[in-house]
Amino acid sequence: MQDLSIANADGFAVAETAGSSTIIGKMLKFNDSRYIADKTETLPEGTTLVAGSVITAWVHWEDKRPIDHRVTHVGQSHPLREELPDRDKTKWPPGLNDEPNDPWRDTRYLHLIDPSTGADYTFVTESYGGRKAIGALKQQIANVRMAHPGALPLVQLASAPMKTRFGPKPRPDFKVVGWRGGKGDGGTGNATLAPANDMDDDIPF
């Protein structure tokens, strides 16, 4: 076995000072069935990325910029809107069609990594459809981690239909196509990629 102290001697394992931004790498948004990075680059349909982590937060906006993040940590319950300040709608700033615009937005930041290049992306969503997609992904991760703690899903960027009052609309969908990492029966953490269509068999962790 290779000595890890020697393997890490090249300096790449030294972490850089982390900033306070919730965005890692390029910001990824969903727009009309497309995933667009930094408002300019459209990721090809079916792009496969590793989902590394997610931040669940209420974000307070003022003058078109976020001024406060209330992050829900492990062991906490994500607050309802009624539990936050600024509940008086008459004091909300005007938004679309001059209707009162809630300054608090229920937001998710999903950190994604390209397994081929190591490039970072952060999928950001405030929409019901986006939160629904991430909620479903969280549940799948929780289910697999009961047997394989630390497992990370390999997800394919996709879209799914969603009923709205304006008719069917596309929403984000993170289709799990495999798993990486995690400790299984042997407890080694040396994982191989497990195709999602093999989920009826033992995952080779």
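Here are some worked exercises on this predicted model, from single residues to strand pairing.

**Exercise 1. Where does T72 lie, and which residues does T72 touch?**

Solution.
- Step 1: Place the residue in the fold. T72 sits in the loop that runs between strand 5 (65-71) and strand 6 (104-113).
- Step 2: Check its accessibility. The relative accessibility of T72 is 16%, so T72 counts as buried, given that buried means under 20%.
- Step 3: List the neighbours. Leaving aside residues up to four places away in sequence, T72 touches T56, S77, H78 and P79.
- Step 4: Look for polar partners. The side chains of T72 and H78 make a polar contact at 2.7 Å.

**Exercise 2. Is E62 buried, partly exposed or exposed, and what separation do the C-alpha atoms of E62 and W104 have?**

Solution.
- Step 1: Locate E62. This residue belongs to strand 4, which covers residues 48-62.
- Step 2: Read off the class. E62 has 41% relative accessibility and therefore counts as partly exposed, since that class lies between 20% and 50%.
- Step 3: Turn to the pair. E62 and W104 are 42 residues apart along the chain, and 9.3 Å separates their C-alpha atoms.

**Exercise 3. Which residue forms a salt bridge with R105, and where in the chain do the two partners lie?**

Solution.
- Step 1: Start from the total. The model has 6 salt bridges.
- Step 2: Find the partner. One of them joins R105 to E126, with 3.5 Å between the closest N and O atoms.
- Step 3: Map both ends. R105 is in strand 6, while E126 is in the loop between strand 7 (120-125) and helix 2 (128-145); this pair links distant parts of the chain, 21 residues apart.
- Step 4: Compare with the surface classes. R105 counts as partly exposed because its relative accessibility is 26%. E126, at 30%, counts as partly exposed too.

**Exercise 4. Which residues are linked with D106 in a network of salt bridges?**

Solution.
- Step 1: Take R108. Its side chain meets that of D106 in a salt bridge, at 2.7 Å from N to O.
- Step 2: Take R131. This residue also forms a salt bridge with D106, and here the closest N and O atoms are 3.6 Å apart.
- Step 3: Ask what the second bridge joins. R131 lies in helix 2 and D106 in strand 6, so the pair ties together parts that are 25 residues apart in sequence.
- Step 4: Add accessibility. D106 counts as buried because its relative accessibility is 13%, and R108 is buried as well. R131, at 23%, counts as partly exposed.
- Step 5: Put the pieces together. D106, R108 and R131 are linked in a network of salt bridges.

**Exercise 5. In which sense does strand 8 pair with strand 4 and with strand 9, and over how many bridges?**

Solution.
- Step 1: Begin with strand 4. Strand 8 (residues 152-162) pairs with strand 4 in the antiparallel sense, over 3 bridges. One example to find in the structure is V50, whose bridge partner in strand 8 is L154.
- Step 2: Move on to strand 9. Strand 8 and strand 9 (residues 169-180) pair in the antiparallel sense over 11 bridges. Here S159 has P172 in strand 9 as its bridge partner.
- Step 3: Inspect the turn. Strand 8 and strand 9 form a hairpin with 6 residues between them. In that turn, G167 has a positive phi of about 105 degrees.

Methods. Residues numbered from 1 in each chain as written. Predicted model: local features only at pLDDT ≥ 70, side-chain atom pairs only at ≥ 80, totals over all residues. Heavy atoms only, no water. Helix = DSSP H or I, 4+ residues; strand = E, 2+ residues; numbered from the N terminus. Buried < 20%, exposed > 50% of the residue type's maximum accessible area, 1.4 Å probe, protein only. Polar contact = N/O pair within 3.5 Å; in protein donor to acceptor, adjacent residues only side chain to side chain. Contact = heavy atoms within 4.5 Å. Salt bridge = Lys/Arg side-chain N within 4 Å of Asp/Glu carboxyl O. Pairing = 2+ DSSP bridges.
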